Amino acid sequence: MTILEVSKIINGKVNNCSLKKKIRNIKFDSKKVLKNDLFICIKGKNKDGHDYIKEAIKNGAVAVITSRKLDNIPNIEVKDTLSALKQLAFYKRNKFLGTVIAVTGSVGKTTTKEMLSNVLKTKYNVISNEGSKNNIYGLSETIFKLKKEDILLVEFGMNHTGEIEELSKICRPSISIITNIGSSHIGNLKSKRKIYKAKIEIIKGMNKGKLIVNNDDKYLRKTKLKNIKLIKVGFSGKDIKCNDYKILNDKTEFTVKINNKLENFTLNLPGKHFVNNALLVIATSLNMGIDITDIKSSLKKFVSYDRRYKIYRKNNIILIDDSYNSSYESLKANLKTLNDKSDKLLIVGDILELGKKSKKIHKKVGKLLDIPNSTTIVVGQNMSILKNKYKHFFNSEDVIKYLKTIDLKNKTILVKGSNKIGLDKVSDYIRCQFDIK
């Protein structure tokens, strides 16, 4: 694109810059700006992109998109730079001729997206948003990178009603996936029914297409659509159904009936909830024409990544690092994967964004943690309501001090909590102590 083309898309005024100047890419992180990039000054809660204009120009920006009058700096002036970002993302997406697949849900959306990406790459050139960059910024950043890919695979996150609708209308997916409806963000949305309504906004940008849902979820099970084909998967799935599964140490084997034939799959992740993720991936992959042999092979090779149920083994220690995030549902699923006979150390942090439901849900967590052969440490302000039942600390630093006083050998250690609690430091300490790589 040129400066002139961009200015027309965002209805901006060009200052101190040639209209014919070509733009290499669009960035809103000044550190990532390269020669001939266009830098958008986004004002966030803590930082204002206007404060980084000099850095962007120094790094090679051809111009900046600004909501302020600037002297002697090539710029495109607009009323609202965030609106400009969205307009450019929408424009760039409309130029993309490939397939757009979107994933959302309360729990497991990133795992499902990454699992699906691995399978799709056996046949297609795929681009997806990195990790959990699932808001308007992560989505736009991914769209701006589009070149000659076949598939744009994106994850939609949200905190409030209307966010997923906006993302969907920008992306216009032809296939959408909803993993489940849980208690994440219930503090903002007040009820699971409202969370469901927020998640189902994923269809707002769809024109026909397919919606693939987890039929084991009581809210998703009741979904009815008119112009969009609904595909229901799960242990109670109507279109793709898991007939049987078994957990063997660090893996899960399961059987699915496809085209009246039983197919056997293996995941290098232990847990029934991971089977649900895989069923969504299988349904999507089959709809994208992926051969069943390639689906099986990719799922078997898939491994978790840092902080998301990442399993480490060293001698007689098993460390399960799930410190990236937490919810009542994901914690419950994780605890079900633990061997009752093993000696367990559970280090469990606050679940955030629960609002008025926080006390009630953390009390329920207290009951979940009451499992055989386990020692439990709870961490954070919300978890203090369990301090009479379990050892309690307010921060990870104090947890580490305590861990130095006890024997961690011959244990299965689960570390789980919302990201802001900082339990990744606890996992790092344990890995360092026992040289676990």
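## Helix packing and ring contacts in a predicted model

Helix 5 (residues 136-144) and helix 6 have axes that come within 11 Å of each other and cross at roughly 10°. Helix 5 is therefore roughly parallel to helix 6, since angles under 35 degrees count as such. Keep in mind as you browse that this is a predicted model. On the helix 5 side, the contact is made by Ile136, Leu139 and Ile143, and helix 6 contributes Leu167, Ile170 and Cys171. Sorted by class, this contact of helix 5 with helix 6 has 6 nonpolar residues, with no polar and no charged ones.

Helix 6 (residues 163-171) also packs with helix 3 (residues 81-95), at an angle of about 40° and with the axes 8 Å apart. That angle makes helix 3 oblique to helix 6. Here Lys86, Ala89, Phe90 and Arg93 of helix 3 meet Glu166, Lys169, Ile170 and Cys171 of helix 6. The residues of this contact divide into 4 nonpolar and 4 charged, with no polar ones. Ile170 and Cys171 take part in the contact with helix 3, and Ile170 and Cys171 also appear in the contact with helix 5.

Now to the rings. How many aromatic pairs does the count come to? There are 5 aromatic pairs, and among them are the two in this table.

| Aromatic pair | Centre to centre | Angle between planes | Arrangement |
|---|---|---|---|
| Phe235 and Tyr245 | 5.4 Å | 70° | edge-to-face |
| Phe393 and Tyr402 | 5.5 Å | 40° | tilted |

Phe235 lies in the loop between strand 11 (229-234) and strand 12 (240-248), while Tyr245 lies in strand 12, so the pair ties together parts that are 10 residues apart in sequence. Are these two rings buried or exposed? Phe235 counts as buried because its relative accessibility is 18%, and the cut-off is under 20%. Tyr245, with a relative accessible area of 31%, is partly exposed. In the tilted pair, Phe393 counts as buried at 15% relative accessibility, and Tyr402 is partly exposed with a relative accessible area of 23%.

Phe235 has a charged partner as well: the charged end of Lys272 sits over the ring of Phe235, 4.7 Å from its centre. Another lysine, Lys296, lies over the face of Phe265, at 5.8 Å from the ring centre.

Two loop residues are also worth a visit. Ser184 is found in the loop between strand 9 (175-178) and helix 7 (186-189). With a relative accessibility of 14%, Ser184 counts as buried. Which residues does Ser184 touch, not counting residues up to four places away in sequence? With those set aside, Ser184 touches Ser106, Ile195 and Ser327.

Leu70 has its place in the loop between strand 4 (63-66) and strand 5 (75-77). At 18% relative accessibility, Leu70 counts as buried too. Leaving out residues up to four places away in sequence, Leu70 touches Asn16, Ile53, Val64 and Asn75. If you would like a distance to check in your viewer, Leu70 and Asn125 are 41 Å apart in space, C-alpha to C-alpha, and 55 residues apart in sequence.

Notes. Residues are numbered from 1 along each chain as its sequence is written. This is a predicted model: local features need pLDDT of at least 70, side-chain atom pairs count only at pLDDT 80 or more; totals for chains, interfaces and linings use all residues. Side-chain values use heavy atoms; hydrogens and water are left out. Axes are lines fitted to C-alpha atoms, for helices over the stretch in contact, and angles run from 0 to 180 degrees between N-to-C directions. Helices (H or I, at least four residues) and strands (E, at least two) are DSSP runs, numbered from the N terminus. Angles under 35 degrees count as roughly parallel, over 145 as roughly antiparallel, 65 to 115 as roughly perpendicular and the rest as oblique. Contact means heavy atoms within 4.5 Å. Ala, Val, Leu, Ile, Met, Phe, Trp, Tyr, Cys and Pro count as nonpolar, Asp, Glu, Lys and Arg as charged, and the others, Gly among them, as polar. Rings of Phe, Tyr and Trp (its six-membered ring) pair if their centres lie within 6.5 Å; planes under 30 degrees apart count as stacked, over 60 as edge-to-face and the rest as tilted. Buried means under 20% relative accessible area, exposed over 50%, partly exposed in between (1.4 Å probe, protein chains only). A charge sits over a ring if NZ of Lys or CZ of Arg is within 6 Å of the ring centre and within 35 degrees of the ring normal.
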